[in-house]
Amino acid sequence: MANNEPNIPVNTPSSPPPSKKSYFQRKKEYWGSTQNRKRAIAGYTFIAPAYLLFVVFLFIPVIWAFYLSFTSYTIFTPGEIVGINNYQRLMNDNAFRNALWNTTYYALMVIPLNISISLCLALLVNRKMRGMNFFRAAYYVPVVTSIIAASMIWMWLYDSNNGLINYVLIQLGFNPQSWLNDPDLALPALALMRVWKGVGWNMVIFLAGLQSIPKTLYEAASIEGAGRWMSFWKITWPLLAPTTFFVFVMATISTFQTFGEIYAMTSGGPVQSTTTLVYLIFVYGFERYEMGYASAIAFVLFFIILTLTLINMFITQKKVNYDL
Amino acid sequence: MEPVTRINQKGEGKVKKWIVCMLTAVLLVVVTACGGEGTSGDGETELTIWVAGNSNQIQETFRAIIDDFNEQYESEGITANVQFEPWGELDQKLSTSLAGGVGPDVFMHGAAAAAGFAAGNQIEPLNAYFDDWADYSEFNPGYLEAGAVDGDYYVVPIQGANRMMFYREDIFQEAGVEIPETLDELLEISEAFVERDGSRFVRAATTLPTEGNDLQQIWSAFLWSNGGDILSEDFSEAAINSEEAVKAIEFYKAFFDRELTPIAGMGGQGDQHPLGTGEVAFTFDGVWAIDQILTYTPDAYEHIKVAAPPRGLEGTTTLVGSSGFFMNANSDHKDEAWKLMSFIGNRDNIEKVSSELKFLPVRLDVAEADFVKEDRLFYEFVQLTTEVDGKANPNVPRWTAIRDIVAANVEKAIYGQLTPQEAVENAEKEINEEINR
Amino acid sequence: MTRNSRDVKQAINKLWLFLLMSAIAIIMLWPFIWMTVTSFKPNTEMFAYPPTIIPNEIIFDHYVAAWKAAPWERFFFNTAFVAGVITFSSLFLCAITGYAFARLEFPGRNFLFILLLASMMIPFEVMLIPLYLIIVNFPFTGGNGIWGGGTGLLNTYSALIVPRLLFPFGVFLMRQFFLTLPKSLEDAARIDGCSEFGIFWRVMFPLIKPASATLVVFVFSMMWDDFFWPLIVINDQNLMPVQLGLQSFQTSQYTTDWGPLMAATVWVSLPIIIVFIFAQKYFMNINISSDK
């Protein structure tokens, strides 16, 4: 099977052959080729409907919010342009610093656990066995359980006095914990719940990724005497790279933006130990109506996620340089 | 690569057609949207009213009231449409639609939000309407005051949210104690209620919230009972750095430090009330506790009593909270909107919502109604609200931020991150910063 | 090693695997099981300590009460309709866009893709009001002229559907899967004289069925689960989704009716679980190497 194009998830913007010609010369040459032109036109046509929707319903709101981050907009009053005041205010805002730390801590707990557990689950259920349909569905059920009901059940499980988790701990001879009311434990407890809720989603993506790997490769590897471990590292892991990249980016985005259960279970407490950046955005934006300031926080969050994504993109791109 | 070679161009025409069909279908959905609501004809007025809460009972009760209204005002060409919004998302939906200029003419909200809405010119002062309103004097003045900002009245109250002290008479008897005179004595006798099994509380003296609005509401009542306050009289600066506030924090914190109640609270198991299960001896709660007890632990009802909380350094002051209806300042039909608001506020309707939804009555003439007397606890609670001193949270534009500052600093003191003295100093500083922002 | 002992060893391995997966299944399903058990308990037993795993008394009252609490038939229809339209339209949109980003070269491709990706990184909370204003002022609908004046798309199915036809994550997902396909496939089709669209539709799209099934399941469950956006843009109860029905058990600012909420959550979750079970045969269906 010949593959002329390496499986690089993202090509650098300068993917046409590098040359010493000027930008305009290159441009002219590019558009001079009928094949290039044809393919470019097809490309633009294919993305046109999606881009139309994107511009109207995503891009404009984002740019709008970006503009608002430079104003003192309060939802009810247009406010005025205040330059970078909102961003300056961030630097001295303890609540912001605290939320930034909480978000980082939360992400560090959730993202690695989420990705590794979901990959393990995908490997587990990626086989033909009786009852496998049940297991796959079972692992996906948390994803589809409404966050409101799930939060209520988890609050109950975590309850310090009558919760099931402490009941089990006491039966096993451990000390019961205050979970959601302990500033040191509340965020890990929420992280655990997020992992529970999120692994099914990523498992399904990994499963689809695993299915796209040609079986012949494994057959060839086993003929050559490679063990399971070996074929995982030599075949599965590298070929799964585009999927892993996707899972990582999506996990980063969704973890940094977790809101539902924090709102329902801890309201950011105790002592602000579960106030994440998105929760802070909600508090400033919709409880205090300081939407301009909230937007500034949102764009700091945006740059964090973007940076992480670009770093990951860079690593994946370097690593995945193989040929089938 | 066989599938590839099998491809023929004939199939493609079909595919394209199919896609054209699909895109047309999507467009159609957009276009049919045009045929949405039309505007009403001449001389007809359509009002929109939002009610907070969307439970079945709330919907039924308010639908009936709005139907009555529509019937009565049919001749004047006024129709009201009612919508029900879940409490949890009320703020976001309301502020979004007000920002979009398509907010309801009349909406229900907690009275504490009045100052914020008023500062943004989103709600209409009702003073002029109140002048010609015969029912005005029938309302409990505390609730009207709770929705007033700088002398302007903004709210027609619908539901009171005061807090009183509920307690288990049988547990008090068992422990051989009575409701004491003062808060300090209450703290002293609390030891007698506690029962433990290892580190687990089988019974705690009480349950106290450790964060958010609930913490601010309950703690502020202790602060006021001590004679202290959060803001100065004219709301121009913080007044929380006081001996009274330190005492109130020390009192509150003592329940946790002396292990009279777990920091995680009692009764986290769903909606069952810890008084109903006998897991605590007393709580500071609103009328909603009665319904919780009746739903999940009906047998306990007979043991439960309600009383005014014991005195602080200065006396007893309880929190007066309320929610009610506001008029959108950008409504095109303000006079009609007022007709709707005053209709909801009439005796019959207040009686209807209070009896069917167990809302704490906001009118004095409903306080003695038959349905109130049917439920012993409810009746006693309602009586207390008219007898005991009450105070509402201050209506200042940055109240939500100030409330969070108070709660956060008291919370830090409870968790031992600040001493009570540091907590009030810190709160004072942060509140002043917030006021001067 | 005799054949027999190898069989035994394999059987033991299988048993271990089965036990491990069952244990994980119990942990994953536990909250859902607990919810279901609770929905059959009377109020007085619901929160008993220590908790009862099997109810002493099984009652169906909560199901009856929950069914009466909202016009569920209507809510189910609305959600199914909106989720269905969005799922299938967005599958096509995401696939064709993802395909272009993965396999067609055109200037600005990576920039446009990263722009799309970046839009996901802005918390929705700050986009809510701008997006709402676009919906309200959408030209030529709901009494609007070109600059608004009416209510635009507000309170229509379109408000639920149109802004959510495009999922950047779906484009991203499809792109990643199109990237894994060998280039020889499209080259062969090109030599055969297939049009660019034909290559996408007849050759490439059918090959990423696992990804398509994944996207269908995701988009469908996201739309099924969603209540915040519908809550914001819909005022008419006839257009409301099932998740809003779940909201109606919050009986006051401070209290929730647990029994009926648990009961309703069970039936609200069931359709997506069924869709998942139905879709999962496509996760396992395809193997590009088997085309010899």
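Student: What makes the meeting of the side chains of Arg398(B) and Glu290(A) a salt bridge?
Tutor: The term requires a side-chain nitrogen of Lys or Arg within 4 Å of a carboxyl oxygen of Asp or Glu. The side chains of Arg398(B) and Glu290(A) come to 2.6 Å, N to O, so the pair satisfies the rule. This is a predicted model, in which local features need pLDDT of at least 70 and side-chain atom pairs count only at pLDDT 80 or more, whereas totals for chains, interfaces and linings use all residues. Residues are numbered from 1 along each chain as its sequence is written, chains are lettered from A and ligands numbered from 1 in the order in which they are written, and side-chain values use heavy atoms, with hydrogens and water left out.

Student: How many salt bridges and how many polar contacts are counted between chain A and chain B?
Tutor: There are 2 salt bridges. In addition, 7 residue pairs are in polar contact, both residues being at pLDDT 80 or more. A polar contact is a pair of N or O atoms within 3.5 Å; within protein, one must be able to donate a hydrogen and the other to accept it, and residues adjacent in sequence count only if both atoms are side-chain atoms.

Student: Which part of chain A gives the largest share of the side that touches chain B?
Tutor: That part is α13(A), with 4 residues. Helices (H or I, at least four residues) and strands (E, at least two) are DSSP runs, numbered from the N terminus. By class, this side of chain A has 14 nonpolar, 9 polar and 5 charged residues. Here Ala, Val, Leu, Ile, Met, Phe, Trp, Tyr, Cys and Pro count as nonpolar, Asp, Glu, Lys and Arg as charged, and the others, Gly among them, as polar.

Student: What is the area buried between chain A and chain B?
Tutor: The figure is about 2700 Å², of which carbon and sulfur atoms give 49%. Buried area is the accessible area (1.4 Å probe) that two parts lose on being put together, summed over both. On the side of chain A, Phe76(A), Asn161(A) and Val271(A) supply 24% of what that chain buries against chain B, more than any other three residues.

Student: How many residues take part where chain C meets chain A?
Tutor: Chain C brings 108 residues and chain A brings 109, contact being heavy atoms within 4.5 Å. The area buried between them is about 9900 Å², and carbon and sulfur atoms give 76% of it. The salt-bridge rule finds 0 pairs across this interface, while 8 residue pairs are in polar contact. Helix α1 (residues 3–39) of chain C gives the most to its side, with 17 residues. That side of chain C divides into 78 nonpolar, 19 polar and 11 charged residues.

Student: Why is Ser69(A) called buried or exposed?
Tutor: Buried means under 20% relative accessible area, exposed over 50%, and partly exposed in between (1.4 Å probe, protein chains only). The value for Ser69(A) is 0%, so this residue counts as buried. Ser69(A) lies in the loop between α2 (34–68) and α3 (85–91) of chain A. A polar atom of its side chain lies 2.6 Å from the backbone oxygen of Phe66(A). Beyond four places in sequence, Ser69(A) is in contact with residues including Asn86(A), Tyr87(A) and Phe299(A).

Student: How is Arg311(B) classed, and why?
Tutor: The relative accessible area of Arg311(B) is 37%, so the residue is partly exposed. Arg311(B) sits in the loop between β11 (304–307) and β12 (318–319) of chain B. Not counting residues up to four places away in sequence, Arg311(B) touches Glu181(B), Thr182(B), Leu183(B) and Thr316(B).

Student: What makes helix α10 of chain C largely enclosed by the rest of the structure?
Tutor: Of the 9 residues of this helix (residues 196–204), 8 are buried, and therefore the helix is described in that way. Among them are Phe197(C), Trp201(C) and Met204(C).

Student: How confident is the predictor in chain B?
Tutor: The mean pLDDT of chain B is 86, and 89% of its residues reach 70 or more; pLDDT is the predictor's confidence in each residue, from 0 to 100. The value stays under 50 over residues 1–13 of chain B and over residues 30–40 of chain B. Where pLDDT is low, the predicted coordinates should not be read in detail.
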